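Work through these exercises with the model open beside you. Try each task before you read its solution.

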Amino acid sequence: MGIETLTGANYSAWKDSLMLTLGITEFDYALREPAPPALTDKSTAEAKLLYEKWEKANRMALMFIKNSISPIIRGAIPDLANAKAYLTAVEEQFKGTSKAHASTLIMKLVSTKYDGVSGIREHIMMMNDMARKLKGLDMEISDGFLVHFIMTSLPASYEAFKINYNTQKDKWLMNELIAMCVQEEERQKLEKPDVAYLMATGSKKRKKNTHKDASKVPKSNAGASSSPNNSKGNPYCNFCRKVGHKQKNCPNFKEWLVKRGNHLNMIIESFNLNVPTNTWWFDSGSMVHVTNSTQGFLTIRRLERNQRTLKLGDGKELSVAAVGTLELIMKTGLCIKLYDTLYIPEISRNLVSGPKLDMDGFYVSHGNGRLTISSNSQVFGTGLLDGGLYKLELDDDFSRSLLSYNINENSTKTKRKRDLETSSMLWHQRLGHISRDRLSRLVKDEVLPSLDFTDFGTCVKCLKGKMTTATKKGATRSSNLLEIIHTDISGPYAIAGITGHTSFITFIDDYSRYMYLYLIKDKSESLTTFKDYKTEVENQLDLKIKVVRSDRGVEYYGRHTDVGQAPGPFYEFCKGQGIVNQYTMPGTPQQNGVAERRNRTLMNMVRSMLANSDLPSFLWTEALKTAVHILNRVPSKSVPKTPYELWTGRKPSLRYMKVWGCLAEAKLYNPFLKKLDMKTVTCYFIGYPDHSKGYRFYCPTHVTRIVETKHAHFLEDSKVSGSSENPDSDLQEVQDAGGRHSSTNLPPITPLVHHATPNFTAPTLTQSGLTTAPNVTENEGTSSDQHQHNTSHAEPANQLRRSSRPKVPTNFDDYV
């Protein structure tokens with residue numbers, strides 16, 4: 001961490017930065033503790049360690065202090081060997097400047113006014129920071145006085161807000177003031193229309209109205225009427241004083257305007273119909289970012305019709321359909337995030353606002369027909385002059401994806417509702433971003449209806465989660481179920497799941513490729529999970545497991561000794577059950593390629609599903625279980641049919657599948673629901689129950705965060721591009737220095753809390769209608785392909801009191 005160099009006027013900031021750095025490195029020990037006595041021959045080992053610790057901290061702290069002081073100031077300070085004494089000497093040099101610094105802070109606090117650019121929250125925090133600095137200089141300002149001071153710094157647009165505060169008896173705390181001011185700022189933004197002006201002046205500069213030019217303008221008679229028509233009703237020109245035409249149609253007047261060089265060329269945005277839809281243009285006159293496509297949005301919020309409008313240069317107003325944060329991938333390879341971008345389908349140009357870039361910290365320069373966008377001396381993007389405006393140079397792949405997306409969007413806009421269920425891109429997302437070949441096989445096998453593949457373009461989320469350069473080779477296959485079982489453990493991962501699990505183990509049947517998944521917290525649980533798996537599959541299929549293929553990990557084979565690898569519990573159990581273990585050779589994980597490749601496929605799907613949603617990363621275990629549920633029901637290149645059909649003998653149904661992470665309105669069971677309570681809760685779809693027919697939802701604002709229900713309405717057609725987080729950087733296996741997976745040094749885990757009687761509250765209902773989960777004949781909802789080994793969170797079920805009265809219609813008094 002860098003320390004700000006002490007130049008004289010920044011003593012307070014320098015000291016804060018210095019103390020923070022020394023505290024992080026633990027070299028402030030020499031400043032907090034006095035110097036221990038010098039070592040002698042009689043000093044104990046403990047005294048020697050204490051002296052060495054203090055001496056190292058003193059030496060390093062002194063080096064930090066001297067290195068962060070400019071040479072001119074360092075020469076005026078006595079050279080001392082004690083870091084604490086040296087810091088005191090520096091403080092003596094700048095003690096007199098505290099009064100001047102306090103005066104500067106007071107003047108700045110008094111003169112600061114909110115400019116409406118940086119944001120009301122930042123303005124209040126800045127004034128609060130100045131008050132905190134004055135408190136450090138023994139000039140404390142009370143919170144009540146500071147609240148009034150901040151209120152007086154607000155502009156005239158907040159006058160009604162100030163009056164409302166003055167009429168209230170209660171005084172606001174600082175947190176309440178920030179919340180109220182932010183709410184008022186958002187209200188003013190909604191009421192204030194956005195304006196985007198597109199204008200370019202003529203090539204000639206406007207000249208002053210000299211006497212020479214003025215003499216060429218004919219003067220009208222003083223007695224002539226100012227009306228454009230004469231007394232006989234014929235049009236009259238006030239410029240050439242002739243009858244028969246008006247001044248605006250006078251050829252002499254138009255010629256005079258061109259000669260003067262004052263003609264303005266107004267660019268009416270709606271006339272630019274030949275502009276490619278995948279291009280972005282820089283406009284210094286626009287106050288907002290505007291786009292005509294939803295491609296590239298990281299977050300987006302839909303608006304009601306006419307809730308917010310945009311005024312063009314020709315006076316026309318357009319309704320804003322949505323607002324959100326959009327990301328542009330420039331030709332330089334860097335990304336520019338455009339905050340508060342307006343989505344207006346009717347507009348033909350995608351505009352980047354110059355003032356908005358300036359407020360976001362970017363520096364824009366142009367000249368010689370070229371535009372440069374930079375920040376902190378690093379060039380983020382460039383543009384070329386084209387037709388009076390600068391066209392930004394985008395990444396080629398990103399530009400092609402924009403064009404493909406716009407073509408597909410425009411061609412299907414009028415029939416979106418009718419063709420939603422035949423969209424191949426929608427089913428691609430519903431089925432965890434599987435390949436186009438798998439979708440085609442499902443359509444051929446009549447598992448899915450006939451799909452329209454014209455909208456199946458390049459999926460950016462698949463590139464983020466699946467791109468690889470490796471290839472795989474074929475292998476000899478088994479001829480019956482349970483002949484060979486492939487198994488492997490993946491993890492631990494840096495982010496724990498919502499239930500606290502950091503790893504998972506898979507068991508894959510070689511013949512059918514049907515897979516079982518168990519979430520685990522430690523690799524030592526491999527034997528327990530295998531016993532559970534063996535008991536279930538052998539009982540369900542009435543067959544015996546013959547071969548288990550895995551790597552040579554400690555959890556599968558045994559620990560390493562000086563005479564080789566000694567067999568462990570997993571090996572001994574398989575040997576006792578008559579199961580043959582097949583292990584890979586050291587350094588050849590490709591020999592266990594089925595399990596390794598399947599684990600990679602699972603995590604690719606998880607990353608793509610997380611990138612396509614706005615859900616937090618700790619829900620990756622829910623996405624993982626959903627991915628297993630999907631892969632067991634879609635075909636692969638290795639088997640002629642779906643794994644579910646080979647495992648159960650029945651074709652699967654995919655009619656109930658939904659896009660993972662989509663918004664939904666779910667109706668939860670609540671016997672205490674009142675008549676005026678909302679019937680649904682806004683939540684996110686996160687998977688399918690292990691042993692029930694229905695859906696699982698994540699409700700971040702609800703008392704019970706994970707709920708299951710059969711009745712819900714899914715909002716799959718909402719245009720949300722995905723999360724701004726990069727799941728690839730988070731979902732990586734933790735490794736130690738030797739390259740081995742480690743289960744230590746993991747972040748703290750927030751456990752999933754179950755509540756016996758949740759307090760059902762529902763937000764405002766935004767959509768209508770309920771969808772009932774399909775009654776699948778092959779018992780899709782009760783499949784056992786997803787298992788979670790999580791006994792630590794199990795809670796005893798509440799015993800219901802059974803009434804002894806005669807049976808009557810149900811009422812709320814029957815529940816306890």
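**Exercise 1.** Which residues make a nonpolar surface patch of about 230 Å²?

Solution. This is a predicted model. Step one: find the patch. I106, V110 and M139 make it. Step two: place one member. I106 sits in helix 6, residues 97-111. Step three: classify I106. Its relative accessibility is 35%. Partly exposed covers the range between 20% and 50%, so I106 counts as partly exposed.

**Exercise 2.** Describe the protein as a whole, from its helices and strands to its surface.

Solution. Start with the elements: there are 23 helices and 29 strands. Next, take burial. Of the 816 residues, 44% are buried. Then look at contacts between residues at least 6 apart in sequence. Of these, 65% join residues at least 24 apart. Finish with the surface. The accessible surface is about 45,600 Å², and carbon and sulfur atoms account for 53% of that.

**Exercise 3.** Decide how helix 3 and helix 5 are oriented to each other, and list the residues that meet.

Solution. Step one: locate the pair. Helix 3 spans residues 45-67 and helix 5 spans residues 83-93. Step two: read the geometry. Their axes come within 9 Å and cross at roughly 25°. Step three: apply the cut-off. Angles under 35 degrees count as roughly parallel. Helix 3 and helix 5 are therefore roughly parallel to each other. Step four: list the contacts. From helix 3 come N58, A61, L62, I65 and K66. They meet A83, Y86 and L87 of helix 5.

**Exercise 4.** How many salt bridges does the structure hold? Examine three of them, and say whether each partner is buried, partly exposed or exposed.

Solution. The structure holds 16 salt bridges.

- Take E538 and K544 to begin. Their closest N and O atoms are 3.7 Å apart. E538 is buried, at 11% relative accessible area. K544 is exposed, at 56%.
- Turn to R696 and E622. Their closest N and O atoms are 3.2 Å apart. R696 lies in strand 25 and E622 in helix 21, so this pair ties together parts 74 residues apart in sequence. R696 is buried, at 13% relative accessible area. E622 is buried too, at 2%.
- End with K641 and E645. Here the closest N and O atoms are 4.0 Å apart. K641 is partly exposed, with a relative accessible area of 40%. E645 counts as buried, at 17%.

One last step: look for shared partners. Salt bridges that share partners join E622, K625, R696 and E708 into one network.

How values were computed:
Residues are numbered from 1 along each chain as its sequence is written. This is a predicted model: local features need pLDDT of at least 70, side-chain atom pairs count only at pLDDT 80 or more; totals for chains, interfaces and linings use all residues. Side-chain values use heavy atoms; hydrogens and water are left out. Patches are made of residues with over 30% relative accessible area and no salt bridge: like charges are joined within 9 Å, nonpolar side chains (Val, Leu, Ile, Met, Phe, Trp, Tyr) within 5 Å. Accessible areas come from the Shrake-Rupley method with a 1.4 Å probe; for residues, only the protein chains shown count as cover. A salt bridge is a side-chain nitrogen of Lys or Arg within 4 Å of a carboxyl oxygen of Asp or Glu. Helices (H or I, at least four residues) and strands (E, at least two) are DSSP runs, numbered from the N terminus. Buried means under 20% relative accessible area, exposed over 50%, partly exposed in between (1.4 Å probe, protein chains only). Contact means heavy atoms within 4.5 Å. Axes are lines fitted to C-alpha atoms, for helices over the stretch in contact, and angles run from 0 to 180 degrees between N-to-C directions. Angles under 35 degrees count as roughly parallel, over 145 as roughly antiparallel, 65 to 115 as roughly perpendicular and the rest as oblique.
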